[in-house]
Amino acid sequence: MNIVGISACTSGIAHTYIAREKLIKAGQEFGHKVRIETQGTIGIENELTATEIQEADLVIIAADIKVSGKERFKGKRIIEVSTHIAIKAPKQLYKKIEAELNKNQ
């Protein structure tokens with residue numbers, strides 16, 4: 001799958017970036033292409049392009065706060081979880097997502 005997403009935490013520091021790395025690494029282990037935008041204390045980094053969003057099969061939002069720009073994902077399947085889930089159980093998250101998608105096919 002082609003997956004895009006956003007990570008953001010309340011302080012905008014550690015959990016934002018750790019969640020991003022964990023989602024990318026676990027997704028790649030499952031054979032997915034993953035690109036995650038961060039919304040941290042220094043603003044938006046790795047901003048997703050319109051093309052990346054358009055080509056995405058799925059959007060993961062790992063956030064503990066309200067993220068900006070969610071309207072960009074209109075019409076996309078969106079999975080929202082806390083940064084805690086993304087950090088502590090990213091592989092289980094992907095397994096659950098894949099199971100749900102396979103069930104709906």
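This section describes the β-sheet of a predicted model and the helix that packs on it.

The sheet is open and consists of five strands. Their order is β3-β2-β1-β4-β5, with mixed pairing. The edge positions belong to β3 (43-45) and β5 (78-81). Each has a single partner strand, so one side of each is left without a neighbour in the sheet. Direction ignored, neighbouring strands are turned by 15° against each other on average.

Strand β1 (residues 2-8) runs parallel to β4 (residues 58-63), and six bridges join the two. Two residue pairs illustrate this register. Gly-5 stands opposite Ile-60 in β4. Ala-8 has Ala-63 of β4 as its bridge partner. Strand β1 also pairs with β2, again over six bridges and in the parallel sense. Here Ser-7 lies opposite Thr-38 of β2. From β1 the chain crosses through α1 to β2, and this β-α-β crossover is right-handed.

Burial of β1 extends to seven of its seven residues, so the strand is largely enclosed by the rest of the structure. The cut-off for burial is under 20% relative accessible area. Both faces of β1 are covered. One side carries Asn-2, Val-4, Ile-6 and Ala-8, and the other carries Ile-3, Gly-5 and Ser-7; all are buried.

Helix α1 (residues 14-29) packs on the sheet. The helix touches β1, β2 (33-40), β3 and β4. Its direction makes about 175° with that of β2.

Definitions and conventions:
Residues numbered from 1 in each chain as written. Predicted model: local features only at pLDDT ≥ 70, side-chain atom pairs only at ≥ 80, totals over all residues. Heavy atoms only, no water. Pairing = 2+ DSSP bridges. Helix = DSSP H or I, 4+ residues; strand = E, 2+ residues; numbered from the N terminus. Axes fitted to C-alpha atoms, helices over the stretch in contact; angles between N-to-C directions. Contact = heavy atoms within 4.5 Å. Buried < 20%, exposed > 50% of the residue type's maximum accessible area, 1.4 Å probe, protein only. Right-handed = clockwise from strand over helix to strand, strands pointing away.
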